Amino acid sequence: MGRGMDIIFIEALNIETTIGVYAWERQIRQHVILDLELGADARKVYETGELRYGVDYMAVSTRLREFVGGQSCELVETLAERIAELLRTEFSIGWLRLRVSKPGAVPGARAVGVLIERGVRG
Ligand SMILES: Nc1nc2c(c(=O)[nH]1)N=C([C@H](O)[C@@H](O)CO)CN2
C-alpha cells in the first residue's frame, strides 16, 4: 500500500508579540495563538526510529517562540506569511497549514485571525 503524507501538528502555541494596526497596539505586547500542520515524509523516521530524519516539533516551537516574539507586524496576514517562509526555508517543510489567531481582538468573538496553506501537499 502506498504511503500518504504524514502531518506533524502543533496546537495552540501561545506567543507574545507586537501586532496590530492601531497606534495603541504598537505600544503593547499581545498574545497570538498558532495552530500548525506540517507535512512530513516520515518514511525514514519509521525505518530508523530517529528524530533527526523527521520534523522536530520541539525545535520548530522553540524557533517560532523566538521568531514571533521578535516580530512587530501590523497584520496577522503579514505574520503568517513570515512564519510560513521561515518554516519552508529553515525546516524544509514542503506543505503547511497555519492558523494565526488573535484572541479577544474583536468584542464578542473568541478569536479572529487568518488561516493559510502553503506549498504542495505530497
Ligand atoms: N484582515 C485583518 N483585519 C484586521 C487586522 C488584521 O491583522 N487583519 N487587525 C486589526 C486590528 O489590529 C485589531 O486586531 C485590533 O483589535 C483589525 N482588522
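From the N terminus on, the elements of this protein chain run β-β-α-α-β-α-β-β. That gives three helices and five strands. Keep in mind that this is a predicted model. The C-alpha trace spans about 55 × 25 × 20 Å along its principal axes. The chain has 122 residues, and buried ones make up 20% of them.

Let's take the sheet. In what order do the five strands stand? The order is S3-S1-S2-S4-S5. The sheet is open, and its pairing is mixed. Now the edges. S3, residues 72-73, stands at one of them, and S5 also stands at an edge. Each has a single partner strand, so one side of each is left without a neighbour in the sheet.

Next, the pairs. I'll start with S1 and S2. S1 covers residues 6-19, and S2 covers residues 30-40. These two run antiparallel, and 10 bridges join them. One place to look is Glu16, which stands opposite His31 in S2.

Move on to S2 and S4. S4 is the strand of residues 95-103. How many bridges pair S2 with S4? Six, and the sense is antiparallel. Two positions help you find this pairing on screen. Leu38 has Leu96 in S4 as its bridge partner. Asp35 stands opposite Arg99, again in S4.

Then S4 and S5. Nine bridges join them, and they too run antiparallel. S5 covers residues 111-119. Here Lys102 has Val112 in S5 as its bridge partner. Pro103 stands opposite Ala111 in S5.

A general point while we are on strands. In a regular strand, side chains alternate between the two faces of the sheet.

Stay with S5 for one residue, Glu117. Is Glu117 buried or exposed? Glu117 is exposed, because 10 Å around its C-beta takes in 11 other C-beta atoms, and the cut-off for exposed is 12 or fewer. Compare its position with Glu11. The two are 106 residues apart in sequence. In space, C-alpha to C-alpha, they are 16 Å apart.

Now the helices. Two packed helices are described by the angle between their axes and the distance between the axes. Our pair is H2 and H3. H2 is residues 57-69, and H3 is 76-90. Their axes come within 11 Å and cross at roughly 140°. That makes H2 oblique to H3. The crossing is right-handed.

One residue of H2 is worth a stop: Ser61. Ser61 is partly exposed, with 15 other C-beta atoms within 10 Å. Set Ser61 against Ile28. They are 33 residues apart in sequence, yet 23 Å apart in space, C-alpha to C-alpha.

On to backbone angles. Which residue of strand S1 has a positive phi without being a glycine? That is Ala12, with phi near 55°. Ala12 sits in S1. Ala12 is exposed, since 10 other C-beta atoms lie within 10 Å. Ser92 is another residue to check. Ser92 is not a glycine either, and its phi is positive, about 55°. Where is Ser92? Look in the loop between H3 and S4. Ser92 is exposed, because its count within 10 Å is 8 other C-beta atoms.

Last topic, the ligand. Which residues surround it? The list is Gly20, Val21, Tyr22, Glu25, Leu75, Val76, Glu77, Lys102 and Ala105. By class, the shell has five nonpolar residues, one polar and three charged. Two names link back to what we have seen. Lys102 is in this shell, and Lys102 is also the residue with Val112 as its bridge partner in S5. Val76 is in the shell as well, and helix H3 covers 76-90.

To recap. The strands form an open, mixed sheet in the order S3-S1-S2-S4-S5. H2 and H3 make a right-handed crossing. Ala12 and Ser92 have positive phi values without being glycines. And the ligand has a shell of five nonpolar, one polar and three charged residues.

Note on methods:
Residues numbered from 1 in each chain as written. Predicted model: local features only at pLDDT ≥ 70, side-chain atom pairs only at ≥ 80, totals over all residues. Near = placed C-beta within 6 Å. Nonpolar A, V, L, I, M, F, W, Y, C, P; charged D, E, K, R; others polar. Pairing = 2+ DSSP bridges. Helix = DSSP H or I, 4+ residues; strand = E, 2+ residues; numbered from the N terminus. Axes fitted to C-alpha atoms, helices over the stretch in contact; angles between N-to-C directions. Parallel < 35°, antiparallel > 145°, perpendicular 65-115°, else oblique. Left-handed = near helix turned anticlockwise from the far one by under 90°.
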